[in-house]
Amino acid sequence: MPLWQRMAIAALTGAGAALGQAPWDQTLLMLLLLSMGFLMLRRQKTARHAGAVGWAFGTGYFALALHWIVEPFQVDAARHAWMAPFALLFLSTGLALFWGGAFWAARALSLRTWPLILTWTAAEILRAYAFTGFPWASPAQSLIDGPASRALAFSGPHGAMLWLMCLAWLLSFPAVFRHRPVMRAAQIAALVCAALLFHLPLSAPPPVLTDHTVRLIQPNAAQHLKWQPGNAELFFRRQLELTSEAPRDPGNPPDLVVWPETAIPWALDRAGPALEQIVQTTAVGVVLGALRLDADGLYNSLVVLQPDGTPGQVYDKHHLVPFGEYMPLSSLTDRLGISGLASNGRGFSAGPGPRLLDFGPLGRALPLICYEAVFSQGLFGTSERPDFLLQITNDAWFGQHAGPAQHLAQARMRAIEQGLPLMRSANTGITAMIDPRGRITASLATGIAGGLDVRLPAPGAPTLFSRTGNLPVLLLLSVGLAGLILLNLKNRPAAA
């Protein structure tokens with residue numbers, strides 16, 4: 001079969017594997033199609049062909065999984081809509097280079113297929129860190145339901161990826177050993193076990209709830225309307241009304257109210273009257289997202305209001321969105337007149353890094369603003385363990401289908417990995433309370449406005465991953481890849 005035909009088949013197979021991501025959640029199908037990647041590698045005679053097939057597989061996978069990336073360009077369609085297909089093309093083909101490199105390296109190191117377990121996992125780790133990282137749509141992201149979710153608590157997303165790749169490799173053997181009944185029976189047993197791990201309900205006791213109730217506000221402010229003068233005031237009033245509503249359960253009034261990212265249309269230094277109105281609507285603490293401007297730059301911030309309406313504790317987002325909140329190679333893009341989609345013509349400055357916020361009786365929170373919940377490594381930046389995770393986000397940029405669903409899946413991953421509850425206030429959804437095992441205890445769907453009164457779950461015991469981080473996986477991969485390289489050098493014929 002010509003190489004281009006093999007690449008076309010690989011692209012279609014990769015696209016099918018993307019159905020393991022939310023909102024489709026076909027994890028077992030994803031596993032079977034990932035195993036086809038190992039079979040495809042088996043048929044490539046050269047590293048160059050293997051790399052091309054792996055790149056095509058990744059292109060199909062990321063093109064479908066990340067198709068929502070066109071949504072931000074529709075907010076100001078007159079200016080940006082023409083860029084949408086190029087964004088999807090460059091993002092999917094660019095991320096696929098990591099997978100193409102994994103296939104190339106696996107074939108360059110061995111004629112067998114099992115090295116792809118190591119190189120594919122290593123490629124996903126590189127994707128999480130290189131160029132500030134973009135681990136969105138990792139295959140491990142699909143493991144948030146069922147007993148398989150515990151792999152995230154034990155070894156994090158990269159350990160779960162390694163385990164998933166081992167399973168995919170194991171399942172690639174029936175087509176090779178179809179004449180060996182014992183091997184075929186073992187593969188069928190592994191497939192049944194995988195189906196149970198992915199799709200059986202998680203057998204665990206219900207979450208332990210604290211005595212504290214949180215009200216999560218979802219104003220449903222569409223991004224293309226949010227900053228228009230008349231609508232901005234309308235959405236602000238809507239949030240005030242949702243904040244002042246009577247408790248859903250009179251016996252458990254809210255102890256904290258959380259507004260979403262960039263919840264007010266005024267910069268923090270000019271929002272004094274608005275902040276006073278907010279605290280006058282409720283007798284409890286309020287958290288909100290706002291833009292903060294000072295001599296050092298413009299920040300995307302989370303603010304805890306004091307009883308008099310003045311800003312108290314402030315957290316500045318430190319992991320910014322490239323091409324959205326800041327432009328790489330800004331000196332060049334400034335000359336070309338190109339600015340980030342979410343920065344209103346001026347790039348954001350990065351905050352100093354993770355910090356804990358003290359909420360008194362509720363405990364201490366690790367704040368995450370939108371994109372920061374994508375990175376598992378970002379939750380290790382404080383010296384002490386928080387009591388809960390607090391995410392504010394504006395998923396209106398992502399539409400109302402795959403993007404918000406996948407972003408919620410990543411928030412659930414962070415809760416599972418750390419064994420901590422996560423409260424999430426989203427502008428247009430999905431607003432949710434998540435328990436330490438990643439289960440959603442209450443939520444508001446996309447496209448509706450409302451306030452969600454929900455009890456805060458108690459933190460779980462520290463997970464193994466929260467203690468060790470990625471160190472065990474990195475050590476295992478380093479030893480495995482070093483052994484492969486040494487074996488390859490040993491077996492290489494001596495130069496004449």
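The side chain of Ser-110 reaches the backbone nitrogen of Arg-112 at 2.9 Å. Ser-110 belongs to the loop that runs between α5 (84-109) and α6 (115-129). With a relative accessible area of 15%, Ser-110 is buried, because buried means under 20%. The model is predicted. The points below cover aromatic rings, a surface patch and a buried loop residue.

**Aromatic pairs**

- Across the whole structure, a search finds 22 aromatic pairs.
- In one pair, the ring centres of Phe-236 and Trp-266 are 5.0 Å apart and the planes stand at 85 degrees, so the pair is edge-to-face; the cut-off for that class is over 60 degrees.
- This pair links distant parts of the chain, as Phe-236 and Trp-266 are 30 residues apart.
- Phe-236 is in helix α10 (residues 229-244), whereas Trp-266 is in the loop between β2 (256-258) and α11 (272-280).
- The two partners fall into separate accessibility classes: Phe-236 counts as buried at 1% relative accessibility, while Trp-266, with a relative accessible area of 28%, is partly exposed.
- The value for Trp-266 is 28%, and partly exposed covers the range between the buried limit of 20% and the exposed limit of 50%.

**Ring cluster and a charge over a ring**

- Phe-38, Phe-57, Tyr-61, Phe-62, Trp-99, Phe-103 and Trp-120 are linked into a cluster by ring pairs.
- Arg-292 has its charged end over the ring of Tyr-299, at 4.6 Å from the ring centre.

**Nonpolar surface patch**

- A nonpolar patch on the surface is formed by Trp-82, Phe-86, Leu-89 and Phe-90.
- Together these four residues have about 480 Å² of accessible area.
- One of them, Phe-86, has its place in helix α5.
- Phe-86 has a relative accessible area of 42% and is therefore partly exposed; patch residues need over 30%.

**A buried loop residue**

- Gln-141 is found in the loop between α6 and α7 (150-171).
- At 3% relative accessibility, Gln-141 counts as buried.
- The C-alpha atoms of Gln-141 and Ala-22 are 8.8 Å apart in space, while the two residues are 119 residues apart in sequence.

Key. Residues numbered from 1 in each chain as written. Predicted model: local features only at pLDDT ≥ 70, side-chain atom pairs only at ≥ 80, totals over all residues. Heavy atoms only, no water. Helix = DSSP H or I, 4+ residues; strand = E, 2+ residues; numbered from the N terminus. Buried < 20%, exposed > 50% of the residue type's maximum accessible area, 1.4 Å probe, protein only. Polar contact = N/O pair within 3.5 Å; in protein donor to acceptor, adjacent residues only side chain to side chain. Patch = residues over 30% accessible without salt bridge, like charges linked within 9 Å, V, L, I, M, F, W, Y side chains within 5 Å. Areas by Shrake-Rupley, 256 points an atom, 1.4 Å probe, with all protein chains shown as cover. Salt bridge = Lys/Arg side-chain N within 4 Å of Asp/Glu carboxyl O. Phe/Tyr/Trp six-rings, centres within 6.5 Å; stacked < 30°, edge-to-face > 60°. Lys NZ or Arg CZ within 6 Å of the ring centre and 35° of its normal.
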